[in-house]
Amino acid sequence: MAEYNPQSIEAKWQKRWEDARVFESEAEPAKKKYYVLEMLPYPSGTLHMGHMRNYTIGDVVARVKRMRGFNVMHPMGWDAFGLPAENAAIKNQTHPREWTNKNIAEFQRTLRRFGFSYDWRREISTCEPEYYKWNQWFFLRMLEKGIAYKKKSRVNWCPKCCTVLANEQVVNGGYCWRHEDTLVEVREIEQWFLKTTAYSDQLLDDLKQLEGGWPERVITMQRNWIGKSQGAKVKFAVADVPGLDPIEIFTTRIDTIYGASAMILAPNHPYVAKLLDGSPVKHHADAMLARLKKTSTKAEDIATAEKEGFFTGRHTINPFNGEKLPIWVGNFVLMEYGTGAIMAVPAHDGRDFEFCRKYGLPVRVVIQPDGVAPLDGATMEAPFEENENGKLVNSGAYNGLTPDAAIARMGADAAAKSFGKLETIFRLRDWGISRQRYWGTPIPVIYCEKDGLVPVPEKDLPVELPPNPNLTGQGESPLATTPEFVNTSCPKCGGPARRETDTMDTFVDSSWYFYRYCDPHNANAAFDPAKVAYWFPIDQYIGGITHAILHLLYSRFWCKVMRDIGLVKHDEPISRLFTQGMVLKGGTAMSKSKGNVVGAYEMAEKYGADTGRLYTLFAAPPEKDLEWSEESIEGAWRFLNRVFRLVDKHAGAIRGAGESKCEAASLNEKEKTLLRKAHQTLSRVTSDFETRWHFNSAIALVMELTNEIYAAEPLENNIRAEIRKEVLELLTLMLAPMTPHLSEELWEMLGHSEGLWKSAWPAINEDFARDDEVEIPVQVSGKVRGRLKIAAGATEEAVVELAQADAAIAAHLTGKRIVKKIYVPDRLLNLVVA
RNA sequence: GCCCGGGUGGCGGAAUGGCAGACGCUUAGGACUUAAAAUCCUGCGGGGAUUUUUCCUCAUGUGGGUUCGACUCCCACCCCGGGCACCA
């Protein structure tokens with residue numbers, strides 16, 4: 001009697017897989033390909049079971065597809081640049097590279113311990129010059145095309161850190177994450193941007209290509225993020241300050257313009273100061289402005305914040321009817337959206353209604369809903385916001401038009417008189433990629449006094465990070481205070497020049513890394529387009545919902561840029577996306593800071609990788625959150641032991657049985673029953689793997705089969721060795737994608753000299769799987785009153801006759817008339833009585 | 001406020017409109033053992049009837065509806081989780 005020893009079994013098979021190079025694959029156009037990918041990890045801390053769930057799901061898919069005959073690429077790499085490495089380096093007086101590489105080694109050790117079927121030859125690390133050289137190369141292409149550009153932009157600046165903070169590092173409504181008593185300032189700094197907005201329409205329209213393959217909610221989140229809004233911009237002249245240009249407003253409802261009661265500006269609109277200069281309200285305006293600006297910070301308050309504002313003392317002219325309107329400043333108008341100025345139409349907009357009622361501004365109805373008594377602006381209690389089921393009133397020449405028709409006409413008229421035009425705006429903004437940090441890709445640009453901005457010539461790439469940076473966490477970019485990096489010569493004139501000291505956002509690295517996997521060691525190009533053409537698009541991408549917007553949007557953008565410079569042919573890089581649920585412990589996501597992690601390596605040491613893998617697949621369906629339970633993992637461990645003992649017990653006899661085959665004709669009843677169960681299980685497990693991704697119910701089915709085999713023990717009394725072989729082999733093969741090490745071991749025990757990795761997914765034998773006899777419930781008026789054993793495929797007449805002959809059922813039929821019979825073949829009979 | 005998910009035993013969870021609770025955990029009992037662990041077997045939603053057998057009945061957040069039949073479809077509502085949020 002052997003014992004299940006996962007530690008030795010797992011080490012043994014990992015070595016054999018590696019020696020046989022089982023998971024290595026090459027682009028071979030004659031073969032059907034499958035590219036499965038899990039989001040690359042940021043190597044920090046240690047891997048816990050939350051991470052492993054992601055990789056386990058991907059590995060099951062990869063292994064199933066291999067058994068199905070696909071040429072599978074399944075790579076892994078490291079998102080190795082980023083702030084935590086730099087902060088850790090400052091704290092521990094080490095180099096970010098040292099810290100990062102130590103973590104990578106630890107991550108790799110853990111992933112290998114779990115036996116994931118990665119092609120490790122394709123491993124990439126984004127902090128290596130061989131990789132980030134191509135970030136720089138792409139940047140230069142984008143610079144040529146005008147997609148990369150520099151502009152002044154507002155950034156979050158912490159006066160104590162003396163550096164720029166990312167939005168995520170601004171906490172509690174405007175304070176620094178590391179100095180919670182320090183208010184973050186807004187500063188204007190020159191920053192590099194990528195023109196994602198040049199692709200707004202494509203990024204939106206191509207979402208259609210992803211329908212069916214991506215989760216609906218991810219598509220929705222991206223659509224909202226891009227935020228396309230069709231409307232109009234209209235210029236309103238300023239009435240009582242000479243020499244000021246007109247103020248432009250944005251509206252989606254130009255059809256309501258005759259109902260405007262005021263113009264409202266964002267508190268930080270550049271005109272506010274000009275309008276207030278010399279205004280009668282100047283004396284108290286500053287205090288009010290400060291107050292309005294303050295209310296717009298805290299996210300939670302925005303929902304409950306009351307609309308507030310003040311009159312500037314100035315007026316504007318409605319270009320459509322020449323009406324003189326007061327100009328107000330309001331806290332609910334955002335400078336970041338549209339033009340930072342709106343027209344307030346209280347009768348037809350909820351926010352304007354609230355604001356105008358509060359300050360006593362007039363409410364004028366200009367859209368009269370169909371079929372109701374005329375609305376009265378003075379008394380109405382809620383605005384009429386619909387843009388259908390109504391007609392224009394009080395709108396001069398436009399009276400009687402539907403809102404849609406009015407929008408078209410008024411847009412055209414405004415354009416003809418050049419005070420406005422219909423326009424589509426987007427919420428999406430350009431991607432700011434400048435970071436004033438060391439541990440990132442240097443932006444390959446040089447500033448020369450004579451020649452100005454000069455791109456680094458391609459032959460000089462990569463611009464490498466200096467090995468000994470001046471890392472203090474203080475002051476501006478560390479690169480700026482490292483003279484050997486900054487000082488260089490101009491590629492054009494050879495004169496003295498300075499390098500750009502900003503580095504790139506790490507989302508740049510992850511926007512195209514999956515292309516590099518196709519050709520990871522190419523020294524002459526980011527990749528060979530032919531290899532990418534074979535492997536792309538990615539057939540299945542698996543990761544957390546946390547990346548639903550930024551990473552996936554940037555990746556889509558990058559793909560389109562690459563397509564436009566001729567590197568790839570597809571519009572979208574990822575055909576199918578799967579977002580797995582989180583692993584929780586004590587109700588919250590595992591994280592080091594919460595101290596509730598279950599370490600992956602420790603897990604494998606205690607129970608073995610196969611048990612860890614099986615448990616994460618069994619405990620919940622993959623898209624849902626999973627609450628970690630130490631008791632349940634014992635159950636997974638017990639099950640694998642059970643399977644091991646079963647195979648161990650029969651392996652000797654099976655090996656002795658040689659190559660004899662199961663023949664349907666010669667089977668006895670017990671053999672038939674067992675084979676039927678095995679093939680029925682196979683049939684359902686196959687569909688759980690292929691179409692439904694219900695790994696948890698697939699495992700339940702395999703457990704059920706195992707229980708049935710145990711129930712038939714001692715098998716040797718009734719079931720011939722070749723039948724036992726067939727059944728135990730199916731069991732082994734069905735488990736193989738989930739518990740690959742154990743399955744290999746069992747496969748060998750069953751007498752196979754060739755590795756299981758060479759096996760195809762087993763074929764369902766329909767003859768074995770077919771039921772001769774089925775038990776069906778019989779309902780009388782929808783209530784189950786009995787069960788019948790019937791021959792499979794029996795006719796309705798035969799079944800009804802049997803039912804009427806059954807005493808228990810007949811009892812419910814006596815004295816009643818059968819008014820309807822519903823027979824679902826081999827499933828159910830329902831007799832409706834009156 | 002809007003948009004997604006989700007609500008089924010003590011717990012995790014199963015169920016193309018067709019026997020609700022598969023499978024696992026927990027737990028109780030039994031077998032094996034000097035004993036324990038491991039293992040194997042059996043029971044385990046509530047209520048009721050019954051002598052074992054077994055039968056009845058209620059039950060998938062709440063209230064309606066469609067249907068011969070609803071965890072599943074439709075309408076309204078409640079609760080939980082997530083995302084977005086004054087987007088003009």
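Where does P537 lie? I shall begin with that residue and then move through the rest of the structure. Please keep in mind that this is a predicted model.

P537 is found in the loop that runs between α17 (529-535) and β26 (540-543). The peptide bond leading into P537 from F536 is cis, and its omega is near -5 degrees. A second cis peptide bond joins E713 and P714, with omega about -5 degrees. P714 also belongs to a loop, namely the one between α23 (695-711) and α24 (721-735). As background, most peptide bonds are trans, and most residues other than glycine have a negative phi.

That brings me to phi. Q93 is not a glycine, yet its phi is positive, at about 55 degrees. Its setting is the loop between α3 (83-92) and α4 (96-113). Is Q93 buried or exposed? Q93 counts as exposed because its relative accessibility is 69%, and the cut-off for that term is over 50%. S418 is likewise not a glycine and takes a positive phi, of about 45 degrees. S418 sits in the loop between α13 (403-416) and β18 (420-425). With a relative accessible area of 60%, S418 is exposed.

Let me turn to a helix, α5, which covers residues 129-145. What span should its 17 residues have? At 1.5 Å a residue the expected value is 24 Å, and the end C-alpha atoms are 24 Å apart, so the two agree. Helix α5 is mostly covered, with 14 of its 17 residues buried. Just after α5 comes G146, which has a positive phi of about 80 degrees.

Next, a sheet. Four strands form an open sheet in the order β22-β21-β24-β23, and their pairing is antiparallel. Which strands stand at the edges? They are β22 (452-455) and β23 (487-489); each has a single partner strand, so one side of each is left without a neighbour in the sheet. On average, neighbouring strands of this sheet are turned by 40 degrees against each other, direction ignored. Within the sheet, β21 (residues 445-448) and β24 (residues 496-499) pair in the antiparallel sense over three bridges. I446 stands opposite R499 in β24.

Finally, I come to RNA strand B. How many residues are around RNA strand B, and which come nearest? There are 48 residues around the strand, and T252, K307, R351, R787 and N830 come nearest. By type, the residues of the surface near RNA strand B divide into 21 nonpolar, 11 polar and 16 charged. Helix α21 (residues 630-656) contributes the largest share of that surface, with six residues.

On the RNA side, sugar or phosphate accounts for 62% of the atoms of RNA strand B within 4 Å of the protein, and bases account for the rest. Three polar contacts illustrate these parts of the RNA. In the case of T251, an N or O atom of the side chain is 3.1 Å from a sugar or linking oxygen of RNA strand B. For K307, a polar side-chain atom lies 2.3 Å from a base oxygen of RNA strand B. For Q779, a polar side-chain atom lies 3.4 Å from a base nitrogen of RNA strand B.

To close, I return to the opening residue: P537 lies in a loop, and the bond from F536 to P537 is cis. Thank you for your attention.

How values were computed
Residues numbered from 1 in each chain as written. Chains lettered and ligands numbered in written order. Predicted model: local features only at pLDDT ≥ 70, side-chain atom pairs only at ≥ 80, totals over all residues. Heavy atoms only, no water. Helix = DSSP H or I, 4+ residues; strand = E, 2+ residues; numbered from the N terminus. Expected span 1.5 Å × (residues − 1). Buried < 20%, exposed > 50% of the residue type's maximum accessible area, 1.4 Å probe, protein only. Near = heavy atom within 4 Å. Polar contact = N/O pair within 3.5 Å; in protein donor to acceptor, adjacent residues only side chain to side chain. Nonpolar A, V, L, I, M, F, W, Y, C, P; charged D, E, K, R; others polar. Pairing = 2+ DSSP bridges. Axes fitted to C-alpha atoms, helices over the stretch in contact; angles between N-to-C directions.
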